[in-house]
Amino acid sequence: MSNLFKYTVLSEEQLNFYHENGYLSLGKTLSDEGVKQLLDQSMAAWNAEKGAYSDNNSWLQNALLVDIHHKAPLVRDFYFNGPVMEASKQIIGPNIKGATSQLTFKMRGNTKPFGWHQDNGYGELDPFNSITSLTALEEVDEDNGCLRLISGSHKLGQIPLKDERDRSNLESIDMEVDESKAIPMPMKPGETLIFHCWTLHYSQGNFSKTRDRRILFMRYADADAVEVYNGGKPRLGRLLAGDTKFDEVRQFEAEL
Ligand SMILES: O=C(O)CCC(=O)C(=O)O
């Protein structure tokens, strides 16, 4: 993988920035060749199940392809052993599991936003230190729907949803925030942005007529993290580093 993935050790300054602001750009985590191969494999999976944007599909059908690490071997390697997993160890600690891998795509024509939310709003994990990463598989900017976030908003803690039905997978969460504080996060192909599970973020639709907006979304958690919304059961995700007190986590996807 040495020519595909770009590893860095986070400096003290970067770690402080993350803890203070609730986000950090890791810069390039994929080489150009890595982006190409990862995009090729991701598109094969996307086209097999999704394809172009359609007005007839739901928001989720148009935007997400979950468990992409089951469908694209290079995504699996990037998710399990790549630079973002290494950075997660520096932030969360030595025991890490994968909590989510998915493609979050806005193909051209998809002008629907991802409303303001915390990722711990969709799936509240405890301890409250899980990390989301977005890796750009092409140029992402305000025109095609880059992320916007509110620096320091992770310090607000877990914000209750105004309507608990928002939690069902079929509804998207859309919190009210002071948009004047939002910072756009454009990214070049192969760059990764990470943010805290309480950081408020949003992205507008893709208003480019000529470009898609393709991103790999991954989430990492402490290996013992539990699902608050699910009676405190352990989140099942592959153990990627260290150990866990839960046998079911140790066994989960161990064969992959
Ligand atoms: O892909 C995006 O623009 C945002 C994705 C997002 O906010 C999420 O899935 O939590």
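**Sheets, helix packing and backbone outliers**

In β10, Arg148 has Tyr202 as its bridge partner. The model described here is predicted. Strand β7 (residues 147-150) and β10 are antiparallel and are joined by three bridges. Both strands belong to an open sheet of four strands, ordered β4-β10-β7-β8, in which the pairing is antiparallel. Its edges are formed by β4 (114-117) and β8 (182-185), each of which pairs on one side only. On average, and with direction ignored, neighbouring strands of this sheet are turned by 25° against each other.

Gln204 is located in the loop between β10 (201-203) and β11. The C-alpha atom of Gln204 is separated by 7.5 Å from that of Leu147, although the two residues are 57 residues apart along the chain. When neighbours within four places in sequence are left aside, Gln204 is in contact with Pro113 and Gly145. Gln204 has 19 C-beta neighbours inside 10 Å and therefore counts as partly exposed, since a buried residue requires 20 or more.

A second group of paired strands involves β6, β9 and β11. Strand β6 (residues 131-136) is mostly covered, with six of its six residues buried. Ile131, Ser133 and Thr135 point one way from β6, whereas Thr132, Leu134 and Ala136 point the other way. Burial extends to both of these sets. In a regular strand, side chains alternate between the two faces of the sheet. β6 is joined to strand β9 (residues 191-196) by five bridges, and the two strands run antiparallel; Thr132 stands opposite Phe195 in β9. With β11, β6 pairs over six bridges, also in the antiparallel sense, and Ser133 stands opposite Met218 in β11.

The largest nonpolar core contains 56 residues, of which Leu38, Val75, Leu193, Ile194 and Tyr220 touch the most other members. Strand β11 (residues 213-222) supplies the largest share of this core, five residues. Not counting residues up to four places away in sequence, Val75 touches Leu38, Gln41, Ser42, Ile68, His69, Ser101 and Leu216.

Val75 also takes part in a helix-helix contact. Helix α2 (residues 32-49) packs against helix α4 (residues 73-81) at an angle of about 120°, and their axes are 8 Å apart. The two helices are therefore oblique to each other, because the angle lies outside the range of 65 to 115 degrees taken as roughly perpendicular and is not over 145. On the α2 side the contact is made by Gln37, Leu38, Gln41 and Ser42, and on the α4 side by Pro73, Leu74, Val75 and Phe78. These residues divide into five nonpolar, three polar and no charged. An α-helix has 3.6 residues a turn, so residues three or four places apart point the same way.

In helix α5 (residues 83-92), the buried residues are Pro83, Val84, Met85, Ala87, Ser88 and Ile92. Gly93, just after α5, takes a positive phi of about 135°.

A further open sheet consists of three strands in the order β5-β12-β13, with antiparallel pairing. Its edge strands, β5 (125-126) and β13 (233-234), each pair on one side only. Strand β12 (residues 226-227) and β13 are paired over two bridges in the antiparallel sense, with Glu227 opposite Lys233 in β13.

Several backbone features remain to be described. Most residues other than glycine have a negative phi, and most peptide bonds are trans. The bond between Asp126 and Pro127 is a cis peptide bond, with omega about 10°. Pro127 lies in the loop between β5 and β6. A positive phi, near 50°, is found for Asp67, a residue other than glycine. Asp67 is placed in the loop between β2 (64-66) and α4. Asp67 has 13 other C-beta atoms within 10 Å and is therefore partly exposed, as the limit for an exposed residue is 12 or fewer. Glu253, likewise not a glycine, has a positive phi of about 55° and is found in the segment after α7 (247-251). Glu253 counts as partly exposed because 18 C-beta neighbours lie inside 10 Å.

Note on methods: Residues numbered from 1 in each chain as written. Predicted model: local features only at pLDDT ≥ 70, side-chain atom pairs only at ≥ 80, totals over all residues. Axes fitted to C-alpha atoms, helices over the stretch in contact; angles between N-to-C directions. Parallel < 35°, antiparallel > 145°, perpendicular 65-115°, else oblique. Contact = placed C-beta atoms within 7 Å. Nonpolar A, V, L, I, M, F, W, Y, C, P; charged D, E, K, R; others polar. Core = buried A, V, L, I, M, F, W, Y, C linked by C-beta atoms within 7 Å. Pairing = 2+ DSSP bridges.
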